[in-house]
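Take a first look at the fold below. Start with the strands, then move on to the helices and the pocket.

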Amino acid sequence: MSDPILTLKNVHTDIAQYHILHGVDLEVPRGQVTMLLGRNGVGKTTTLRTVIGHWQARAGSVFFDGQDITALPTPARARAGIGFVPEDMGIFTDLTVEENMVLAASSAPLDPARLDWIFAAFPPLKTFWDSEAGNLSGGQKQMLSIARAMAEERKLYLIDEPTKGLAPAIVSTMARALKDLKNQGASILLVEQNFSVAKALGDSVAVMDDGKVIWTGAMAELAGSAELQDTLMGLSMEAH
């Protein structure tokens, strides 16, 4: 196996007076989808935000594509090839869909072929291309959020709960788009509470609890063992 695209070594992150990450060790293989799972509040979102630089690690190291990025600001990490889809979507609601996409591809004009692929994955974005993003439905806003990260080819995509609160039909659309991205060879670190989506997309998995990664392995191993799910997360995910 090639070197991992992303490595976290003993990462500690504080938010205000709260110590959220307690020594996270994590590797994300190249060209795979790594699921980051665990109960609410265990540090999954903070891990993603530490990787992209929204929160600065107090201790430990973050390596991306062979480079120590621990001290780099967020724009430098984005320019290095990391795309981020936050849980709160992070779109500009007063700008049009087109303007959101143009800003997301700030290093170069939008590639027509890539834009056609995005339209095929998310047809409503083409329909509402000239509309303000704030007028989109919740599912359409999430499509735009993911499409913004896909506007340029990235080496690594960090995606935080893309299907949260969405209708089943929209969830299926999201899953197909992410699977297509995976099939293109993308490296993805994905936080996802929908276990059926996690099983369909994940190659490897890291389970977090209390600010640490407590288990890593193949997604198939976790998906195939209700006992392991109960041990790691306190419930059988087959029911979710």
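Strand β1 covers residues 6-15, and strand β2 covers residues 18-28. The two strands pair in the antiparallel sense, over eight bridges. This is a predicted model.

**The hairpin and its sheet**

β1 and β2 form a hairpin. Two residues lie between the strands. A16, in the turn, has a positive phi of about 55 degrees. Two opposite pairs help you to trace the hairpin. I15 stands opposite Y18 in β2. T7 stands opposite E27 in β2.

The hairpin belongs to an open sheet of four strands. Read across the sheet, the order is β2-β1-β4-β5, and the pairing is antiparallel. Which strands stand at the edges? They are β2 and β5, the latter at residues 67-68. Each has a single partner strand, so one side of each is left without a neighbour in the sheet.

A general point helps when you look at any strand. In a regular strand, side chains alternate between the two faces of the sheet.

Helix α1, residues 44-52, lies across β1, β2 and β4. β4 spans residues 57-64. The helix runs at about 110 degrees to β1.

**Two helices side by side**

Two packed helices are described by the angle between their axes and the distance between the axes. For α6 and helix α7 (residues 168-183), the angle is about 10 degrees. Their axes are 10 Å apart. Angles under 35 degrees count as roughly parallel, and α6 and α7 are therefore roughly parallel to each other.

Which residues of α6 meet α7? They are G139, Q142, M143, I146 and M150. On the α7 side, the partners are I170, T173, M174, A177, L178 and L181. By class, this contact has eight nonpolar and three polar residues, with no charged ones.

**The largest pocket**

The largest pocket has a volume of about 470 Å³. It is lined by 22 residues. Nearest its centre lie A78, I82, A104, R148 and R154. By class, the lining has nine nonpolar, eight polar and five charged residues.

Which elements give two or more residues to this lining? The table names them.

| Element | Residues |
|---|---|
| α2 | 74-80 |
| β6 | 82-85 |
| α3 | 97-104 |
| α6 | 138-150 |

α6 thus appears twice in this report: α6 packs with α7, and α6 also gives residues to the pocket lining.

Note on methods. Residues are numbered from 1 along each chain as its sequence is written. This is a predicted model: local features need pLDDT of at least 70, side-chain atom pairs count only at pLDDT 80 or more; totals for chains, interfaces and linings use all residues. Side-chain values use heavy atoms; hydrogens and water are left out. Two strands pair if DSSP finds at least two bridges between them. Contact means heavy atoms within 4.5 Å. Axes are lines fitted to C-alpha atoms, for helices over the stretch in contact, and angles run from 0 to 180 degrees between N-to-C directions. On a 1 Å grid over the protein atoms alone, a cavity is a set of points where a 1.4 Å probe fits but cannot get out, and a pocket is an open set with protein on both sides within 12 Å along at least five of seven lines; lining residues have an atom within 4 Å of a point. Grid points are joined across faces, edges and corners, and a volume is the space filled by probe spheres set on the points. Ala, Val, Leu, Ile, Met, Phe, Trp, Tyr, Cys and Pro count as nonpolar, Asp, Glu, Lys and Arg as charged, and the others, Gly among them, as polar. Angles under 35 degrees count as roughly parallel, over 145 as roughly antiparallel, 65 to 115 as roughly perpendicular and the rest as oblique.
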